[in-house]
Amino acid sequence: MFEKLAPDAKFDQLDTSHTLLASAETVAVHPGQVQIIHTGICTHEPLALSLQGGNEKLAMCVLLTTALTAEQEVKVAILNRGTDPVTLAPGEWFLVACRLGVAEPLDADL
């Protein structure tokens, strides 16, 4: 389901459909700003995405990218709606990916 694009990219399979992903770079999300965060992971299946639950650092952040199509790097846009900057370090867990389980491509002609 996943392929590393960067040698130090990290993911951890939580169960059959949920995977925890880490940041592949140091990223600072300043108050009121949107920042793209790369994971260094490519997916071969469509995903739904959410911020990792219980991560206090991201409590005032909003995930703007909630889904990905297949054959793309998993990267997300996050809005910091708090008053303090949020910094993610390389290898820091922050994102949960849920496999959508589409068994066949959808027929665009229907």
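Let's go straight to the largest nonpolar core, which has 23 residues. The members that touch the most others are Ile37, Leu49, Val74, Val76, Ile78, Phe94 and Leu95. Please keep in mind that this is a predicted model. Which elements give two or more residues to this core? They are strand E4 (27–29), strand E5 (34–43), strand E6 (47–51), E7, E9, strand E10 (86–88) and strand E11 (93–99).

Let me pick one of those core residues, Ile78, and look around it. Leaving out residues up to four places away in sequence, Ile78 touches Val29, Gln33, Val34, Gln35, Ile37, Leu51, Cys61, Val62, Leu63 and Phe94. Two names on that list, Ile37 and Phe94, you have just heard among the best-connected core members. Another contact, Leu63, stands opposite Ile78 in E9.

That brings us to the strands. E7 and E9, where E9 covers residues 72–80, pair in the antiparallel sense over 3 bridges. They belong to an open sheet of 4 strands, in the order E1-E5-E9-E7, with antiparallel pairing. Which strands sit at the edges? Strand E1 (2–4) and strand E7 (61–63) do, and each pairs on one side only. On average, neighbouring strands of this sheet are turned by 45° against each other, direction ignored.

Let's stay on E9 for a moment, because Asn80, which is found in this strand, counts as buried at 0% relative accessibility. What does its side chain reach? A polar atom of the Asn80 side chain lies 2.9 Å from the backbone oxygen of Val29. If we set aside neighbours within four places in sequence, Asn80 is in contact with Val29, His30, Pro31, Gly32, Gln33, Met60, Cys61, Pro85 and Val86. So Val29 and Gln33 appear here as contacts of Asn80, and they were contacts of Ile78 as well.

There is another asparagine I'd like to show you, in a loop this time. Asn55 is found between E6 and E7, and with a relative accessible area of 16% it is buried too. The side chain of Asn55 reaches the backbone oxygen of Trp93 at 3.5 Å. Beyond its neighbours within four places in sequence, Asn55 is in contact with Trp93 and Phe94.

Now over to strand E3, residues 18–22. Why do we call E3 largely enclosed by the rest of the structure? Because 4 of its 5 residues are buried. Who are the partners of E3? On one hand, strand E2 (residues 11–13) pairs with E3 in the antiparallel sense over 3 bridges, and a hairpin joins the two through 4 residues. Within that pairing, Gln13 has Thr19 in E3 as its bridge partner. On the other hand, E3 and E11 run antiparallel and are joined by 5 bridges. There, His18 has Cys98 in E11 as its bridge partner.

Cys98 leads nicely to my last topic, the cysteines. How many disulfides does a search of the whole structure find? It finds 0. Cys42, for example, is in no disulfide, and the nearest cysteine sulfur, that of Cys98, is 18 Å away. As a reminder, a disulfide is a covalent bond between the sulfur atoms of two cysteines. As for accessibility, Cys42 is buried, with a relative accessible area of 11%. Cys61, which we met as a contact of Ile78, is also buried, at 8%.

That's my tour, friends; happy to go back to any of these residues in the viewer.

Methods
Residues are numbered from 1 along each chain as its sequence is written. This is a predicted model: local features need pLDDT of at least 70, side-chain atom pairs count only at pLDDT 80 or more; totals for chains, interfaces and linings use all residues. Side-chain values use heavy atoms; hydrogens and water are left out. Two strands pair if DSSP finds at least two bridges between them. Axes are lines fitted to C-alpha atoms, for helices over the stretch in contact, and angles run from 0 to 180 degrees between N-to-C directions. A nonpolar core is a set of buried Ala, Val, Leu, Ile, Met, Phe, Trp, Tyr and Cys residues joined through side-chain atoms within 4.5 Å. Buried means under 20% relative accessible area, exposed over 50%, partly exposed in between (1.4 Å probe, protein chains only). Contact means heavy atoms within 4.5 Å. A disulfide is a pair of cysteine sulfur atoms within 2.5 Å. A polar contact is a pair of N or O atoms within 3.5 Å; within protein, one must be able to donate a hydrogen and the other to accept it, and residues adjacent in sequence count only if both atoms are side-chain atoms.
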